[in-house]
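Please open the model in your viewer and keep the selection panel at hand. We will go through it one selection after another, pausing at each stop to see what is there.

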Amino acid sequence: MGYAYKDDIKVRVESAWSSVDLYDVVIVIFDVHRHLSRPDARVITLIKRMGSLVNPKQKRVLCMNKVDLVEKKKDLLKVAEQFKDLPGYERYFMISGLKGSGVKDLTQYLMEQACFLSLSRCAFSAVKRPWDEDPLTMSEEVMKTISLETVREKLLDHIHQEIPYDIEHRLVDWKELRDGSLRVEQHLITQKMSQRKILVGKNGSKIGRIGIEANEELRSIFKRNVHLILQVRLK
């Protein structure tokens, strides 16, 4: 009976692995608190294996869960450094399923991917980004998501791992003006003054550069003038 049970488990595991390619987006979630306190080589091997699977049509994200249990937040940067060069993963998220930290960013990302797939399948074509579609037919919700994601990408380009994992990123105002241009206001809300200083930079140079680059990209995507306003606030 013992061997039959083991054989059954083996079949189930093989079946699970064989079904991975059926999904458009795969989320790999692991316990970052346990990884720091009791690292398990088998978990690291599985994470690497998932990233190494070849499927150009599939997107994979790595989620580090239970960040709320990590007392020294600097340790999270060590984990991010450990996994940053892994192939196969498009995005990395630090979340707390219990407290909700970072979950909003993950949800926004998944909604964006759903928009990608919905638009591309309606067009009977390969997977496209929403901004590859005609900007005149793009829904407002998709445009709002793109505006947030574009700013977030520029933040990562300029600040890298200095960005606090618990920063709040909000779309505060979205208005189409009479001349057809868009006024977009987003707020970046930090927990500490030191975090705010990192985002703002000397004399506002860093957030200013981020705003200019994001504004130019949004103008290119939406095919219209965009007035992007970024504010960094302390919670």
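**First stop: the open sheet**

Begin by selecting strand E2, residues 59-65, together with E3, and you will find that the two strands run parallel and are joined by four bridges. Bear in mind throughout the tour that you are looking at a predicted model. Within this pair, pick out Met 64, which stands opposite Met 94 in E3.

Now widen the selection so that E1 is shown as well, and the three strands appear as an open sheet in the order E1-E2-E3, with parallel pairing. Strand E1 (25-31) and strand E3 (91-94) are the edge strands of this sheet, and each of them pairs on one side only. If you turn the view, you can look for the angle between neighbouring strands, which is 20 degrees on average when direction is ignored.

Add helix H3, residues 41-52, which packs on the sheet and touches both E1 and E2. The direction of helix H3 makes about 165 degrees with that of E1.

**Second stop: a hairpin and its parallel neighbour**

Next, select strand E4 (residues 168-176) and E5, which run antiparallel and are joined by eight bridges. One residue to label here is Trp 174, whose bridge partner in E5 is Val 184. Follow the chain between the two strands, and you will see that E4 and E5 form a hairpin with five residues between them, where Gly 180 in the turn has a positive phi of about 90 degrees.

How many of the residues of strand E5 are buried? Strand E5, which spans residues 182-190, is mostly covered, since eight of its nine residues are buried. Now show strand E6 (residues 226-234) as well, because the tour continues there: E5 and E6 run parallel, and nine bridges join them. Between these two strands, find Gln 186, which stands opposite Leu 230 in E6.

**Third stop: two helices that cross**

Finally, select helix H7 (residues 193-200) and helix H8 (residues 205-222), whose axes come within 5 Å and cross at roughly 50 degrees. Because of that crossing angle, H7 is described as oblique to H8. To see where they meet, show the side chains of Ile 198, Leu 199 and Val 200 of H7 and of Ser 205, Lys 206 and Ile 207 of H8, which make the contact. Sorted by class, the contact of H7 with H8 has four nonpolar residues, one polar residue and one charged residue.

Conventions:
Residues numbered from 1 in each chain as written. Predicted model: local features only at pLDDT ≥ 70, side-chain atom pairs only at ≥ 80, totals over all residues. Heavy atoms only, no water. Buried < 20%, exposed > 50% of the residue type's maximum accessible area, 1.4 Å probe, protein only. Pairing = 2+ DSSP bridges. Axes fitted to C-alpha atoms, helices over the stretch in contact; angles between N-to-C directions. Parallel < 35°, antiparallel > 145°, perpendicular 65-115°, else oblique. Contact = heavy atoms within 4.5 Å. Nonpolar A, V, L, I, M, F, W, Y, C, P; charged D, E, K, R; others polar.
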